[in-house]
Amino acid sequence: MNPAGHWLERTAELELDGTELRRLIQLATERVVRFVDMLPSQPAADVGGGAELARSLVEALPEHGTSFAALLDLLFDRVVPKGFNTAGPGYLAYIPGGGLLQAAVADYLGDAVNRYVGVWAAAPGMVQLEANVIRWFGEIVGYPPGAAGFLTSGGSLANFGAIVTARHHLLGEQFLRGTVYASDQTHRSVEKAAALAGVPAANIRVVPSDDRFRIQLPALEERIQADARAGFQPFLIVGNAGTTNTGAVDDLDALADLAGRERLWLHMDAAYGGFFMLTERGRRVMHGLARADSVTLDPHKALFLPYGTGSLLVRDGERLRRAHALTAEYLPAMQDTQDLVDFCQVSPELSRPPRGLRVWLPLKLHGAAAFRRALDEKLDLAAWATGELHALEPAIEVAAEPQLSTVAFRLRRPGMDPETLNRLNRAFLERINARNRVHLTGTMLGDRFVLRICVVSFRTHRDRMEMCLEDIRAAMRELPSE
């Protein structure tokens, strides 16, 4: 056989026929189903020996293949179990991601058909499904029809897109005197995004928060005016609609009023809290969100989707386009109508997968009402847990009442010095987590170390919250009372 013929024959080995594909899917599905069925009994976290596992997995580029069954054994028996069980009902740490299996099916479909959605002409239908998702998000927030946005990997890149858009709109190319304002509770992705967008680190102003962990408006206004007098160019306020530390929501209407008076861009980091706008309680807490110039939402938080699903919305879609639009001779003609979108013209990416499917499919399968009921349940569970913690006073101090579905608390020991009390509360956290039915995390609120319960997973229900409180009470009994 000649070399060319041999080459043509061998390339076919990467192609799966129908029987082989069905077999792969069947084997994978069996392992996934077994994994999900066991989630309620799996430990909430298993971090011991993680470094040893990681080092044992280091290997050279494989020259020859391995059976799929053996690879599944490696993944589900060794790789997946080690770490935080973020898919489980007891994961109440940080701000959980849900991992709806419906989204995994959507990813399978999207990866299999492999449609390119960076430009409209390449996949008009797939692009429109994602555009529908963006429009739905705008409706949830309360944005007008002229809003635009895109899906991205998470809130960090969404915040980056918002800062780039605000900088482009208000400062143009002369932006080195531009200043950004955020509270001491704002997610650190904002500071990183501002730096990546070219804002000097010294121009990022951190404003103190009040006793409810909301940005102090008088201090914010004073700093803006002082910077303007000093020759800086204030251009961006970042507000919070659900902080990572405590779930705090700033006074959004007051922020919008201030931004309007000072002619600044108002961006709302609603990565955690934004989808609670589906609920009546969430809309009350976040009244004024629709007045922001841009909003970050993370569907992989309170819409229960797998990690890697974030989004940015901009109220005036033309501002987003002007900040991101570029063309090239090798690209097809871009759309010039408002009802059709080329995502490369409104986002940083040219190459991008059909992310919209992983949002579109669950929403179409279940409808918004199912997500609304689930979010209401999370609000109820956080309120119930807070009531149980209050019943443990004075031994327990609720450091931050839930404004959404996060509550912060700690042991209280009158007369104990702050450093010793913080050490005691770190030990308290370790005792709770050691039972492995729930996994909590802590944070610093000023000089106080506190524990956090964050209820976001769609798999977390009343039974798991009762376990959480049982473990809190048991850990209390194991620690000194004075």
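**Entry 1: Asp-46 and its partner**

I looked up Asp-46 and found that it is partly exposed, because its relative accessible area of 29% falls between the cut-offs of under 20% for buried and over 50% for exposed. I note here that I am working with a predicted model, and I keep that in mind for each entry below. Asp-46 forms a salt bridge with Lys-82, and the closest N and O atoms of this pair are 3.2 Å apart. The two partners come from distant parts of the chain, since Asp-46 sits in strand S1 (residues 45-46) while Lys-82 sits in the loop between helix H4 (68-79) and strand S2 (83-84), 36 residues apart. I then checked the cover on Lys-82, which also counts as partly exposed, with 28% relative accessibility.

**Entry 2: Glu-130 and Arg-352**

I went on to a second salt bridge, in which Glu-130 pairs with Arg-352 and the closest N and O atoms are 2.8 Å apart. This pair again links distant parts of the chain: Glu-130 belongs to helix H6 (residues 124-141), whereas Arg-352 belongs to the loop between helix H13 (317-324) and helix H14 (356-390), 222 residues apart. Are these two charged residues buried or exposed? Glu-130 is buried, because its relative accessible area is 1%, and Arg-352 is buried as well, because its relative accessible area is 4%.

**Entry 3: Arg-437 and Asp-471**

My third pair is Arg-437 with Asp-471, joined by a salt bridge whose closest N and O atoms are 2.9 Å apart. Arg-437 lies in the loop between helix H15 (418-434) and strand S12 (441-445), and Asp-471 lies in helix H16 (residues 462-478), so the salt bridge ties together parts that are 34 residues apart in sequence. The two ends fall into separate classes of accessibility: Arg-437 is partly exposed at 28%, while Asp-471 is buried at 3%.

I also looked for salt bridges that share partners, and I found that Glu-130, Glu-349, Arg-352 and Arg-355 are joined in this way into one network. With a salt bridge taken as a Lys or Arg side-chain nitrogen within 4 Å of an Asp or Glu carboxyl oxygen, I noted a count of 32 salt bridges.

**Entry 4: a nonpolar patch on the surface**

I turned next to the surface, where Leu-16, Leu-21, Leu-24, Val-105, Tyr-108 and Leu-109 form a nonpolar patch with about 480 Å² of accessible area together. Helix H2 (18-37) and helix H5 (101-113) are the elements that give two or more residues to this patch. Which of them gives the most? The answer is H5, with 3 residues. I picked out Tyr-108, which lies in helix H5, and noted that Tyr-108 counts as partly exposed because its relative accessibility is 40%.

**Entry 5: how H5 and H2 pack**

Since both helices had come up in the patch, I looked up how each one packs. H5 packs with H14 at an angle of about 130°, and their axes are 8 Å apart. An angle of this kind lies outside the ranges for roughly parallel, roughly antiparallel and roughly perpendicular, and H5 and H14 are therefore oblique to each other. For H2 and H4, the axes come within 11 Å and cross at roughly 20°. Angles under 35 degrees count as roughly parallel, so H2 and H4 are described as roughly parallel to each other. Finally, I noted the handedness: H5 passes H14 in a right-handed crossing, and H2 passes H4 in a right-handed crossing too.

Note on methods. Residues numbered from 1 in each chain as written. Predicted model: local features only at pLDDT ≥ 70, side-chain atom pairs only at ≥ 80, totals over all residues. Heavy atoms only, no water. Patch = residues over 30% accessible without salt bridge, like charges linked within 9 Å, V, L, I, M, F, W, Y side chains within 5 Å. Areas by Shrake-Rupley, 256 points an atom, 1.4 Å probe, with all protein chains shown as cover. Helix = DSSP H or I, 4+ residues; strand = E, 2+ residues; numbered from the N terminus. Buried < 20%, exposed > 50% of the residue type's maximum accessible area, 1.4 Å probe, protein only. Axes fitted to C-alpha atoms, helices over the stretch in contact; angles between N-to-C directions. Parallel < 35°, antiparallel > 145°, perpendicular 65-115°, else oblique. Left-handed = near helix turned anticlockwise from the far one by under 90°.
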